[in-house]
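Reader: Could you take me through one part of this protein at close range? I would enjoy a guided look, with a little of the wider setting to begin with.

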Amino acid sequence: MNQPDRGSSLVARSCNAYPNRMDVRHARQILEIWRRKSLGGAARALKISQPTLSRSLARVEDQLGVTLFERGPNGATPTTYAEYIVSRIAPALERMDALAMEVQQMARGEAGRLRIGAAPLARATILEDVCLEVSRRFPNLRVQVSLDPAEALAQKLVGRQLDIAFSSSEILTSEALRHDPEARAFSLFAYDTRFHAHHEHPIVALEGELTADDVLAYPIASLSISRTLRESFPVSLTDAQNGHLRALQTGDYGLLRRVVAEGRAIGFGPAPLFERDVREGRIVSLRFGAVRERRGIALLMPEYLQSPLARQIIDIAIQAARRMDGVRDPG
């Protein structure tokens, strides 16, 4: 009685275990045989033995149920099926190879592109140091910077128009997570939000804890009418008080700081923005309202977490944050 060929049995078991399966390794083998029209030449290019390549090709043909190459004295002639497979896999493999090379180049700082988004506080604090350090470490990396409010950054991030976004707003995180739960936020630093005024401002002369009426007697400059700012005051305000609450809203923290340092407005915003002026005596932190802790964050979409640049950019941002005045380690 004839015994079944052991190799055929192995092929059969492989086919049953992985029906109609052709992985990247098989695709590369088919492409290399097609290019060289020879199993021997393809095997040398792939750095495997010819018998190993021959067995692998036989398994793929058995799985697909077609002949891919006609073997003969003149080499391996591709059939219509092989030509069709190559037409579909060659562009994909070329893109994979190009991507792998780009990632390696990015890791060495030789090439690639980094798209950074920065909300107002990040722009006023860590952004310059981050960009300078990135340019020093990766001189051939193309860096594109978008300066936008948190809402616009969130839209660009989830639309994959940015690789990483720096912000202090919960809006950015919640909006990104709503679109993709795998997005990840990294805490860079913790800071407080406070009311500030010029050291010669009349409100500084008042003794004791300030009241809402004391503060609302003057124009207030802020980034926006945030929930934190609005909750610092009673629900009902007079027309004059409401006007002062909305006196100036700006996304430019440099302008906000200057208005407080040189004008009569009371500023509401992150302590780091005013820290140097407070330390040098030009601006005073007012004794009013609850001190709210906030965090500066870096937000990445899930696919960028695998980038070799991601960890380095986060580390650069953390180091930049540690050099800032008026912030704490996020813990």
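Reader: Before we zoom in, what share of the contacts in the protein with a separation of 6 or more comes from residues 24 or more positions apart? After that, please look closely at the place where α3 and α4 meet.

Author: Happy to! Please keep in mind that this is a predicted model. Among contacts in the protein with a separation of 6 or more, 72% are between residues 24 or more positions apart. The protein has 331 residues, and 42% of them are buried. Its elements are 15 helices and 11 strands. About 18100 Å² of surface is accessible, with carbon and sulfur atoms holding 49% of that area.

Now to the part you asked about. Helix α3 covers residues 39-46 and helix α4 covers residues 50-64; their axes lie 9 Å apart and make an angle of about 105°. Because of that angle, α3 counts as roughly perpendicular to α4. On the α3 side, the contact is made by Leu39, Gly40, Ala42, Ala43 and Leu46, while α4 brings Gln50, Leu53, Ser54 and Leu57. Sorted by character, six residues of this contact are nonpolar, three are polar and none is charged.

A charged neighbour does turn up if you step back to helix α2 (residues 24-36), where Arg36 lies. Setting aside residues up to four places away in sequence, Arg36 touches Gly41, Ala42 and Ala45. Ala42 therefore appears twice in this picture, as it is also one of the α3 residues that meet α4. Arg36 itself is partly exposed, its relative accessible area being 46%. Thr77 is 41 residues from Arg36 along the chain, yet 9.7 Å separates their C-alpha atoms.

For comparison, here are two other helices. In α8 (residues 150-158), the buried residues include Ala150, Leu153, Ala154, Leu157 and Val158. Viewed down the axis of α8, its buried residues sit within an arc of 120°, so they line one face of the helix. An α-helix has 3.6 residues a turn, so residues three or four places apart point the same way. Just past the end of α8, Arg160 has a positive phi of about 60°.

The other helix is α14 (residues 271-279), home to Asp277. Asp277 is buried, with a relative accessible area of 2%. Beyond its neighbours within four places in sequence, Asp277 is in contact with Arg257, Arg282 and Ile283.

Methods. Residues numbered from 1 in each chain as written. Predicted model: local features only at pLDDT ≥ 70, side-chain atom pairs only at ≥ 80, totals over all residues. Heavy atoms only, no water. Axes fitted to C-alpha atoms, helices over the stretch in contact; angles between N-to-C directions. Helix = DSSP H or I, 4+ residues; strand = E, 2+ residues; numbered from the N terminus. Parallel < 35°, antiparallel > 145°, perpendicular 65-115°, else oblique. Contact = heavy atoms within 4.5 Å. Buried < 20%, exposed > 50% of the residue type's maximum accessible area, 1.4 Å probe, protein only. Areas by Shrake-Rupley, 256 points an atom, 1.4 Å probe, with all protein chains shown as cover. Arc of directions from axis to C-beta.
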